[in-house]
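Please open the model in your viewer with the cartoon representation switched on, and keep a selection panel at hand. The tour moves from the overall fold to the sheet, then to the helix and to one side-chain arrangement.

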Amino acid sequence: MILEWKEGRLRLEVHDTSPVSPSLNEAAGDQECGRGLHLIAFIAADLVTVHTAADKTVWCEVMPTAEGAL
């Protein structure tokens, strides 16, 4: 995972070798997994997946709140 502060935004970037793109799935109330991407999508200004021949990169950018804090 890479974290980078750039031009007033926090960029979070993750690389892996899975060919599967992340997808927003509904999680049942008793499931322990399946909500992470929903949380990221809610706070992110951008959410992008880029596939290459060797791997996949998923990144998002989070902007500060009106109060200036993340």
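Begin with the whole chain in cartoon: the secondary structure of the protein comes to 1 helix and 4 strands, where helices (H or I, at least four residues) and strands (E, at least two) are DSSP runs numbered from the N terminus. Followed along the sequence, these elements give the pattern β-β-α-β-β. This is a predicted model, in which local features need pLDDT of at least 70 and side-chain atom pairs count only at pLDDT 80 or more, while totals for chains, interfaces and linings use all residues. Residues are numbered from 1 along each chain as its sequence is written, and side-chain values use heavy atoms, with hydrogens and water left out.

Colour next by pLDDT, the predictor's confidence in each residue, from 0 to 100. The protein averages 86, and 91% of the residues score at least 70. Among the elements, E4 has the highest mean value (93) and H1 the lowest (87).

Now select the strands, which form an open sheet in the order E1-E2-E4-E3 with antiparallel pairing; two strands pair if DSSP finds at least two bridges between them. At the edges you will find strand E1 (2-6) and strand E3 (44-51), each of which pairs on one side only. From one strand to the next the twist averages 15°, an angle taken between N-to-C directions on a scale from 0 to 180 degrees, with axes fitted to C-alpha atoms, for helices over the stretch in contact.

Which strand is joined to E3 by 7 bridges? Select residues 56-62: this is strand E4, which runs antiparallel to E3, and a hairpin of 4 residues connects E3 to E4. Within this pair, show Asp46, which stands opposite Glu61 in E4.

Add helix H1 (residues 36-43), which packs on the sheet and touches E3 and E4, its direction making about 125° with that of E3; contact here means heavy atoms within 4.5 Å.

Finally, display the side chains of Arg11 and Trp59: Arg11 lies over the face of Trp59, at 4.0 Å from the ring centre. A charge sits over a ring if NZ of Lys or CZ of Arg is within 6 Å of the ring centre and within 35 degrees of the ring normal.

Zoom out to finish, and the C-alpha trace spans about 35 × 35 × 15 Å along its principal axes. Of the 70 residues, 16% count as buried, meaning under 20% relative accessible area, with exposed over 50% and partly exposed in between (1.4 Å probe, protein chains only).
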